[in-house]
Amino acid sequence: MSAGFEGSYGGRADRISSAAVMECKICWTVYDPALGDEFRQILPGTPFAALPEDWTCPTCDAPAAQFMVRDDPGAADAASRPGARDAASWLAGRVAALEAEFREIWHGKMRDVPLVNASLHVEAVGFALYDGRPLGVLVAPWFMNLFLLPAEDEDWSDLTPGAKEVLDFPSGSYEFIHNVRPMVGGYKACSLFSPMTDFASQLQAVDVARAVTVELFKAENLEETDRAAEIRSTREAELAAAEPACEAEEGAADEPPAVPTRRAVISGGLATEAPGE
């Protein structure tokens, strides 16, 4: 976001602290990191420098470069900590590597695979640092996954591809699969959608991806997440107990009602079952 920044400090975005309140110089709309941006589903606590590259003013659609500092209580501290800007650049680099990795897979291996949605393209959505690790959603023509990348001082190159790990978030616990790729290195991914045939456009897919990054951190979703798991467990026990009777009366039993997955909860009910789940 520092490229072309016209706001304050002679265009030096590295002088802006994470607490800086910014104001559009065209329409005077304010961006307060403590509040985020509900229109674009930017989480509260997101610094101006960490906003997505395509973020624009929610009122007049001006680019971020047209914002200037309205109030910056941490300006003096930011001036003495150039590493804050370095962290934003590092995050951007990691996300760019992730996109490049899967663009290469799309162009090299996936274009002719059945059930891909050729109207979509690879795009990283909503990536921000979570406990020092890049976290966000990657949209691709054949999947939408929640990705967690290692922190700057971590090396995940020794992860075992296919290994599973349950990670906790405010909205619940979710299963991530480990993998390692040449460009991006080690990462952990939670499947949200696959295949992507139900999406009519890239815009629709990105909107859902942004919703995931918001719902994931809503503690009020935890009750529904736990309830879904409890319903699933109870229903599985009922089906196991009824299995002998079902075999005796072939075709008499109806299909059990679908139980919402935890991924459906964090995507506002829009996520679907992944194959084999």
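The following conversation walks through a predicted model of a single chain, from its overall build to a few individual residues.

Colleague: To start, how many helices and strands does the chain have?

Modeller: The predicted model has 5 helices and 9 strands. Read from the N terminus, the elements run β-β-β-α-α-β-β-β-β-β-β-α-α-α.

Colleague: And what percentage of the residues count as buried?

Modeller: Of the 277 residues in the chain, 42% count as buried. The chain exposes about 14400 Å², and carbon and sulfur atoms supply 52% of that area.

Colleague: What share of the contacts comes from residues 24 or more positions apart?

Modeller: Such pairs account for 59% of the contacts in the chain that have a separation of 6 or more.

Colleague: Let us turn to the interior. Which residues touch the most other members of the largest nonpolar core?

Modeller: They are M144, L146, F176, M196 and F199, in a core of 25 residues. In soluble globular proteins, nonpolar side chains tend to be buried together.

Colleague: Which elements give two or more residues to this core?

Modeller: Five strands and one helix are on the list: β5 (133-140), β6 (143-148), β7 (164-169), β8 (172-181), β9 (185-193) and α3 (202-215). The most comes from α3, which gives 5 residues. Another core lies apart from this one; it has 21 residues, including L98, F102, L138 and A140.

Colleague: What does M144 touch, leaving out residues up to four places away in sequence?

Modeller: M144 touches V137, L138 and V139, then C190, S191, L192 and F193. The list continues with M196, F199, A205, V208 and A209.

Colleague: Helix α3 came up just now. Is it mostly covered or mostly uncovered?

Modeller: Mostly covered, as 11 of the 14 residues of α3 are buried. Among them are A205, V206, V208 and A209, and also Q202, R210, T213 and E215.

Colleague: How far does α3 reach from its first C-alpha to its last?

Modeller: The helix reaches 20 Å, close to the 20 Å expected at 1.5 Å a residue.

Colleague: Now for the cysteines. How many disulfides does the structure hold?

Modeller: The structure holds 0 disulfides.

Colleague: Why is there no bond between C60 and C27?

Modeller: The sulfur of C27 is the closest cysteine sulfur to that of C60, but the two are 3.6 Å apart, which is too far for a bond. A disulfide would need the pair of sulfur atoms within 2.5 Å.

Colleague: Are C60 and C190 buried or exposed?

Modeller: C60 counts as partly exposed, because its relative accessibility is 29%. C190 counts as buried, at 1%.

Colleague: On to polar side chains. Where is H178, and what does its side chain make a polar contact with?

Modeller: H178 is in strand β8, and its side chain makes a polar contact with the side chain of E165 at 2.7 Å. H178 counts as buried, because its relative accessibility is 11%. Leaving aside neighbours within four places in sequence, H178 is also in contact with residues including L159, P161, Y187 and K188.

Colleague: What about S173?

Modeller: S173 lies in strand β8 as well, and it is partly exposed, with a relative accessible area of 26%. The side chain of S173 makes a polar contact with the side chain of D168 at 2.4 Å. S173 and L216 are 43 residues apart in sequence, and their C-alpha atoms are 9.8 Å apart in space.

Colleague: And where is D37 found?

Modeller: D37 is in the loop between β2 (30-31) and β3 (67-71). D37 counts as buried, at 6% relative accessibility. The side chains of D37 and W55 make a polar contact at 2.9 Å. Beyond four places in sequence, D37 touches Y31, I42, W55 and P58.

Colleague: Last topic, the backbone. Which peptide bond is cis?

Modeller: The bond from S194 to P195 is cis, with omega near 0°. P195 lies in the loop between β9 and α3.

Colleague: What is the phi of W28, and of L115?

Modeller: Phi of W28 is near 70°, a positive value in a residue other than glycine. W28 lies in the loop between β1 (21-24) and β2. L115 is not a glycine either, and its phi is positive, about 75°. L115 is found in the loop between α2 (83-110) and β4 (123-130), where L115 is exposed, with a relative accessible area of 59%.

Terms used: Residues are numbered from 1 along each chain as its sequence is written. This is a predicted model: local features need pLDDT of at least 70, side-chain atom pairs count only at pLDDT 80 or more; totals for chains, interfaces and linings use all residues. Side-chain values use heavy atoms; hydrogens and water are left out. Buried means under 20% relative accessible area, exposed over 50%, partly exposed in between (1.4 Å probe, protein chains only). A nonpolar core is a set of buried Ala, Val, Leu, Ile, Met, Phe, Trp, Tyr and Cys residues joined through side-chain atoms within 4.5 Å. Helices (H or I, at least four residues) and strands (E, at least two) are DSSP runs, numbered from the N terminus. Contact means heavy atoms within 4.5 Å. A polar contact is a pair of N or O atoms within 3.5 Å; within protein, one must be able to donate a hydrogen and the other to accept it, and residues adjacent in sequence count only if both atoms are side-chain atoms. The expected span of a helix is 1.5 Å times one less than its number of residues. Accessible areas come from the Shrake-Rupley method with a 1.4 Å probe; for residues, only the protein chains shown count as cover.
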